[in-house]
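Q: Please take a close look at the interface in this one. Start with how the copies meet, then work outwards from there.

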2 protein chains.
Amino acid sequence: MRYLIRYAYDGSHFNGFQRLKDKKSVQGTLEEALSILNKAPVVIKGSGRTDVFVHANGAVAHFDLEIPIPSKRLVYALNRIVHPYIHVLDCKEVPDSFHARFSVKEKKYVYKIWFGAYDPKKYDYYLMYDKKLSLKKLRECAKIFVGRHDFHNFVSGERENSNGTIYQIKVKKRKNVVEITFRGKSFYRYMVRNLVGAMLMYNEGKCAIIELKKMLEKDYHKKLSTASANGLYLEGVYYE
Amino acid sequence: MRYLIRYAYDGSHFNGFQRLKDKKSVQGTLEEALSILNKAPVVIKGSGRTDVFVHANGAVAHFDLEIPIPSKRLVYALNRIVHPYIHVLDCKEVPDSFHARFSVKEKKYVYKIWFGAYDPKKYDYYLMYDKKLSLKKLRECAKIFVGRHDFHNFVSGERENSNGTIYQIKVKKRKNVVEITFRGKSFYRYMVRNLVGAMLMYNEGKCAIIELKKMLEKDYHKKLSTASANGLYLEGVYYE
């Protein structure tokens, strides 16, 4: 029986999503808990990896159990074990054809920037930013990045394919926080953080609009700045 | 030259305030930083200890330097070293008669309770509470605790003196958070957490008003429940 779980976590308490031998990871913690309930090893497939310090409000994974467990009981029992820094939001049975990564239709990431007075309790949850933030400038960048592009320059490491589509980038301010929401398909490693990095470069007058456009071209290969992981949230993963 | 510093910290990244040999403490981190700037060991006197996981938005300490450093430079240089989980808010020169603990006129603590949907990112900063919270009941407790009392039953460990005065207890709700603010003089170890524990017992119908009153009497010696440290903030320390 195949199950889908949707869960949230505080990334500052894990060494990223992917299972690691000697360090606490989100995948490792969930797999350990499931293996206890299943009384045999369980492997989960995540909707994608998140880096060290990146948070999730709505990550998704799937896994198979030979002997089914009612999904309500799974949520309750899992939460008792993975508490307090991971929280399973819900669980449901899905067809065998479902795959948490390959079936993804859309993903939503939110990047949070704190521009109020420095607060040590905010450090793990925001990019602490002490420069002036122009929503207008951030929105100018958003317009350029939205659409289907080859994001090779925003992706970390060599890859054969770095094509993706960003459906929407929304810039919203409330109190001392600016939130940049990215909706799209095919986000690659560091891509959101590098996009935010470029947006902040433009905000600080370190590059012009024409350079942002060039960043999306094949022959642009300059190193971009990567916005810190603390501010990034995997907000939701959506399927058919 | 004697200096006063006011500072904030994220208690979830320290093993309490007090200096420890092998573990990261707030006092140890500040003393190490000051010793680097002073090029000789510096000992700080805090306004009081906070336990593991307790946060501060306005803790105070004093220390002496033989060779003075301008206070603005001290703030800047200290913050570079103690970043990111401690933040020095300000620093000023004070007379030699000033003592961060003995000169205290009033302290303010805030206890924060989260009663919204469980969020793993809130765990370090609130008491996560999944029962119904009655502001009316909390305020009934507040009325009983305010004033000059012997708080022996709310204080951890044996002490000769557990007399103190609570000037005010305010209960405030905003969105998914209830904040209980305590203003007073002479708060002892676990006192605020035990007061909150008793308030929650009353909220849950586990004791009556008459029992709350008895808790302040000499011959009451029942073990009370201690509310978790995560929700407690040393909000401010005030002097003449």
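A: Let's start with the surface itself: 100% of the interface residues of chain B are also interface residues in chain A, so the copies meet through the same surface. A quick word on ground rules: this is a predicted model, where local features need pLDDT of at least 70 and side-chain atom pairs count only at pLDDT 80 or more, while totals for chains, interfaces and linings use all residues. Residues are numbered from 1 along each chain as its sequence is written, chains are lettered from A and ligands numbered from 1 in the order in which they are written, and side-chain values use heavy atoms, leaving out hydrogens and water.

Now the geometry. A turn of 180 degrees with a shift of 0.0 Å along the axis lays chain B on chain A with an RMSD of 0.0 Å (a least-squares superposition on the C-alpha atoms of residues with pLDDT of at least 70 in both copies). That is the relation of a two-fold axis.

On the interface, 19 residues of chain B are in contact with 19 residues of chain A, contact meaning heavy atoms within 4.5 Å. About 1600 Å² is buried between chain B and chain A, with carbon and sulfur atoms giving 60% of that; buried area here is the accessible area (1.4 Å probe) that two parts lose on being put together, summed over both. Y118(B), P120(B) and K121(B) supply 39% of the area chain B buries against chain A, more than any other three residues.

As for polar pairs, the rule finds 0 salt bridges across the interface of chain B and chain A (a salt bridge needs a side-chain nitrogen of Lys or Arg within 4 Å of a carboxyl oxygen of Asp or Glu). There are, however, 8 residue pairs in polar contact across the interface of chain B and chain A, both residues at pLDDT 80 or more. A polar contact is a pair of N or O atoms within 3.5 Å; within protein, one must be able to donate a hydrogen and the other to accept it, and residues adjacent in sequence count only if both atoms are side-chain atoms.

Which elements of chain B give two or more residues to the side that touches chain A? They are β1 (2-9), β3 (55-64) and β4 (86-94) of chain B, strands being DSSP E runs of at least two residues, and helices H or I runs of at least four, numbered from the N terminus. β3(B) gives the most, with 3 residues. By class, the side of chain B that touches chain A has 11 nonpolar, 5 polar and 3 charged residues (Ala, Val, Leu, Ile, Met, Phe, Trp, Tyr, Cys and Pro count as nonpolar, Asp, Glu, Lys and Arg as charged, and the others, Gly among them, as polar).

Moving inside one chain, chain A is divided into domain 1 (2-93) and domain 2 (106-238), with bounds from an automatic or database domain assignment. The C-alpha centres of these two domains of chain A are 27 Å apart. Together, domain 1 and domain 2 of chain A bury about 1200 Å², 50% of it on carbon and sulfur atoms. On the domain 1 side, D51(A), H55(A) and N57(A) lose the most area to domain 2, together 41% of what that side buries. Here the count is 2 salt bridges. R189(A) forms a salt bridge with D51(A), the closest N and O atoms being 2.9 Å apart.
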